[in-house]
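Subject: Structure for you, with notes

Hi,

Here is the structure I promised to pass on. Have a look at it first, then read my notes underneath.

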Amino acid sequence: MGAVKTKRMPRAVREQQMLDAAVRTFGRRGYMAASMDEIAELAGVSKPLVYLYLNSKEDLFTACIRREAKALTEAVRTGVHRDLPADRQLWDGLQAFFAHTAAHPDAWSVLHLQARTHGEPFAAEVAAMREEIVAFVTQLIVVAAREAHRDPDLPECEVAGLAEALVGAAESLAAWANGTPGVTAHEAAATLMNFAWAGLGNLMDGHPWAPAQTPSPHSTG
């Protein structure tokens with residue numbers, strides 16, 4: 001087989017073409033099984049050109065993580081309109097999240113599965129993205145909670161755990177939705193809203209859940 005011929009194009013465009021091929025390959029085959037030969041062939045370039053642009057398989061994978069993490073966080077932020085009620089903001093943010101992960105399943109596989117299981121540097125890149133999304137959700141919830149409780153000084157720590165739980169649930173649900181035929185982004189978002197907002201809505205109204213008081217089995221009448 002002869003060398004792969006490449007057309008002249010701007011470096012930035014060529015690099016994105018390589019990243020597209022890499023995300024598809026890493027997402028479907030996994031980091032360990034993916035080869036630079038396969039990525040180069042899919043991108044329509046020579047393997048030396050991939051190394052020239054992106055140095056190594058590790059650097060290529062890191063570039064994929066950073067690009068896809070940025071795209072996901074931007075999709076969520078863009079989907080939320082701050083002038084709407086808190087439940088609508090959350091709903092719009094979840095729809096944006098699930099729509100993006102559904103439209104880019106290979107990218108989601110890279111972020112949710114591959115990057116987290118192949119070493120600390122890769123996991124740290126995803127952790128940074130996750131922290132940004134959790135901070136965004138925390139702010140969304142805390143603003144609503146301060147308004148609901150008429151307490152402008154309500155600390156973020158009061159709702160930080162809720163944001164962590166919500167983001168974790170969204171991540172797991174996205175993985176399930178992408179692997180389950182027929183589940184739409186709208187349905188996935190509605191599932192999580194029904195699961196989460198019933199509790200959050202009560203909390204905003206000043207009615208947090210608490211375990212019922214039951215008599216001790218050793219108490220005497």
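Start with F97: setting aside neighbours within four places in sequence, F97 is in contact with L72, V76, W108, A170, E171 and A174. This residue lies in helix α5, and at 8% relative accessibility F97 counts as buried, since the cut-off is under 20%. F97 and T73 are 24 residues apart in sequence, yet their C-alpha atoms are 8.3 Å apart in space. Keep in mind throughout that this is a predicted model.

Now the overall picture. The protein has 9 helices and 0 strands, so to speak a plain run of α-α-α-α-α-α-α-α-α from the N terminus on. Of its 221 residues, 40% are buried. If you take the contacts with a separation of 6 or more, 67% of them are between residues 24 or more positions apart.

The largest nonpolar core has 65 residues, and F26, L60 and F98 have the most contacts inside it. Helix α7 (residues 120-149) gives the most to this core, with 12 residues. As general background, nonpolar side chains in soluble globular proteins tend to be buried together.

F26 is worth clicking on. Neighbours within four places in sequence aside, F26 is in contact with Y31, A34, I39, K57, L60, F61, C64, V110 and Q114.

F26 also takes part in a helix pair. Helix α1 (residues 11-29) and helix α4 (residues 57-79) pack at an angle of about 95°, with their axes 10 Å apart. The range 65 to 115 degrees counts as roughly perpendicular, and α1 and α4 are therefore roughly perpendicular to each other. On the α1 side the contact uses Q16, L19, D20, A22, V23 and F26, and on the α4 side K57, L60, F61, A63, C64, R67 and E68. Sorted by class, the contact of α1 with α4 has 8 nonpolar, 1 polar and 4 charged residues.

Helix α4 has another partner to look at, helix α6 (residues 105-114): their axes come within 9 Å and cross at roughly 110°. That makes α4 roughly perpendicular to α6. Here F61, I65, E68, A69 and L72 of α4 meet A107, W108, V110, L111 and Q114 of α6. This contact of α4 with α6 has 8 nonpolar, 1 polar and 1 charged residues.

How much of α6 is buried? The count is 7 of its 10 residues, so α6 is largely enclosed by the rest of the structure. The buried ones are D106, A107, W108, S109, V110, L111 and Q114. They pack against α1, α4, α5 (86-103), α7 and α8 (157-179).

Helix α2 (residues 36-43) has M36, I39, A40 and A43 as its buried residues. Looking down the axis of α2, these fall within an arc of 95°, so they line one face of the helix. The general rule behind this kind of pattern is that an α-helix has 3.6 residues a turn, so residues three or four places apart point the same way. What covers the buried residues of α2 includes α1, α3 (47-54) and α4. Just after α2, G44 takes a positive phi of about 75°.

While you are checking backbone angles, look at N55 too. This residue sits in the loop between α3 and α4, and its phi is near 70°, a positive value in a residue other than glycine. For context, most residues other than glycine have a negative phi. Is N55 buried or exposed? At 53% relative accessibility, N55 counts as exposed, the cut-off being over 50%.

One last residue: T138, in helix α7. With a relative accessible area of 6%, T138 is buried. Residues up to four places away in sequence not counted, T138 touches E156, V159, A160 and A163.

If you open just a few views, I would pick the crossing of α4 with α6 at roughly 110°, the surroundings of F26, and the positive phi of N55.

Cheers

Terms used: Residues numbered from 1 in each chain as written. Predicted model: local features only at pLDDT ≥ 70, side-chain atom pairs only at ≥ 80, totals over all residues. Heavy atoms only, no water. Axes fitted to C-alpha atoms, helices over the stretch in contact; angles between N-to-C directions. Helix = DSSP H or I, 4+ residues; strand = E, 2+ residues; numbered from the N terminus. Parallel < 35°, antiparallel > 145°, perpendicular 65-115°, else oblique. Contact = heavy atoms within 4.5 Å. Nonpolar A, V, L, I, M, F, W, Y, C, P; charged D, E, K, R; others polar. Buried < 20%, exposed > 50% of the residue type's maximum accessible area, 1.4 Å probe, protein only. Arc of directions from axis to C-beta. Core = buried A, V, L, I, M, F, W, Y, C linked by side-chain atoms within 4.5 Å.
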